[in-house]
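Okay, everyone, thanks for coming. I'd like to walk you through a structure that is new to most of you, so let's get it up on the screen.

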Amino acid sequence: MSKDLVNEIASRQLKSNIPDFKSGDTVKVSVRITENNKSRIQVFQGVVMQRRGSGVSATFTVRKVSSGIGVERTFPLHSPVVSKIEVTKRGKVRRNKITYLRKRAGKSARIEENLNSQDKEEKK
């Protein structure tokens, strides 16, 4: 009985408006930040490094380079702090965890764009 109760509570907390994205995709994550009773939305745009977990505990890591310094943030997928996830570009990678980007800079850190996935989306 207790497992059924936990699963029921967890299923209520799952978001339904999450787009289909994977490692290598460039995303814009809108994060709600609260400071001194004021709330604002900050956009964090970067490449998805990994997705892990399932259900309520699912997370994804996004990396961007800001003024020459690499910044990575890990977001819970179903958190109320994440207000919106928008996929801007589909990447073509062969791995789930693309941590090799940390060692690269400049042109070698680029990810090839997957044009086939855009064609499939336009046909739908």
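**A walk through the model**

Let's start inside: Phe-60 is buried, and so is Phe-75. Before I go on, please keep in mind that this is a predicted model.

So, what do those two rings do with each other? Phe-60 sits in strand S3 and Phe-75 in strand S4, 15 residues apart, so the pair links distant parts of the chain. The ring centres of Phe-60 and Phe-75 are 5.5 Å apart and the planes are at 35°, so we call this pair tilted.

Now, Phe-75 has another partner. Which kind of pair do Phe-44 and Phe-75 make? Here the centres are 5.9 Å apart and the planes stand at 65°, so this one is edge-to-face. Again, distant parts of the chain are linked: Phe-44 belongs to strand S2, Phe-75 to strand S4, which runs over residues 69–76, and 31 residues separate the two.

Are these rings buried or exposed? Phe-44 has 6% relative accessibility, and because the cut-off for buried is under 20%, Phe-44 counts as buried. Phe-75 comes out at 3%, so that ring is buried as well.

If you count up the aromatic pairs, you get three. And there's a cluster to look for on the screen: Phe-21, Phe-44, Phe-60 and Phe-75 belong to one aromatic cluster.

Two arginines join the picture here. Arg-51 lies over the face of Phe-21, 4.4 Å from the ring centre. Over the face of Phe-44 you'll find Arg-73, at 5.6 Å from the ring centre.

Okay, over to strand S1, where I'd like you to find Thr-26. With a relative accessible area of 14%, Thr-26 is buried. What does Thr-26 touch, once you leave aside its neighbours within four places in sequence? One group of contacts is Gln-45, Gly-46 and Val-47, and the others are Glu-86, Val-87, Thr-88 and Lys-89.

Follow S1 to its end and you come to a loop. Asn-36 is in this loop, between strand S1 (26–35) and strand S2 (38–52), and Asn-37 is found there too. Why stop here? Well, most residues other than glycine have a negative phi. Asn-36, though, has a positive phi, near 50°, and for Asn-37 phi is also positive, near 65°. How about the surface: are they buried or exposed? Asn-36 is exposed, with a relative accessible area of 76%. Asn-37 is exposed too, at 81%.

Last stop: the pocket. How much space lies in the largest pocket? About 330 Å³. Its lining has 19 residues, and the ones nearest the centre are Val-47, Val-65, Leu-101, Ala-109 and Arg-110. You've met Val-47 already, as one of the contacts of Thr-26.

And what is that lining made of? By type, it divides into six nonpolar residues, four polar ones and nine charged ones. Which strand gives the largest share of the lining? That's strand S3, residues 59–66, with three residues. S3 is also where we began, since Phe-60 is in that strand.

Okay, that's the tour. If you rotate the model yourselves, try finding Phe-75 and its partners Phe-44 and Phe-60, and then go and look for the pocket.

Technical notes:
Residues are numbered from 1 along each chain as its sequence is written. This is a predicted model: local features need pLDDT of at least 70, side-chain atom pairs count only at pLDDT 80 or more; totals for chains, interfaces and linings use all residues. Side-chain values use heavy atoms; hydrogens and water are left out. On a 1 Å grid over the protein atoms alone, a cavity is a set of points where a 1.4 Å probe fits but cannot get out, and a pocket is an open set with protein on both sides within 12 Å along at least five of seven lines; lining residues have an atom within 4 Å of a point. Grid points are joined across faces, edges and corners, and a volume is the space filled by probe spheres set on the points. Helices (H or I, at least four residues) and strands (E, at least two) are DSSP runs, numbered from the N terminus. Ala, Val, Leu, Ile, Met, Phe, Trp, Tyr, Cys and Pro count as nonpolar, Asp, Glu, Lys and Arg as charged, and the others, Gly among them, as polar. Buried means under 20% relative accessible area, exposed over 50%, partly exposed in between (1.4 Å probe, protein chains only). Rings of Phe, Tyr and Trp (its six-membered ring) pair if their centres lie within 6.5 Å; planes under 30 degrees apart count as stacked, over 60 as edge-to-face and the rest as tilted. A charge sits over a ring if NZ of Lys or CZ of Arg is within 6 Å of the ring centre and within 35 degrees of the ring normal. Contact means heavy atoms within 4.5 Å.
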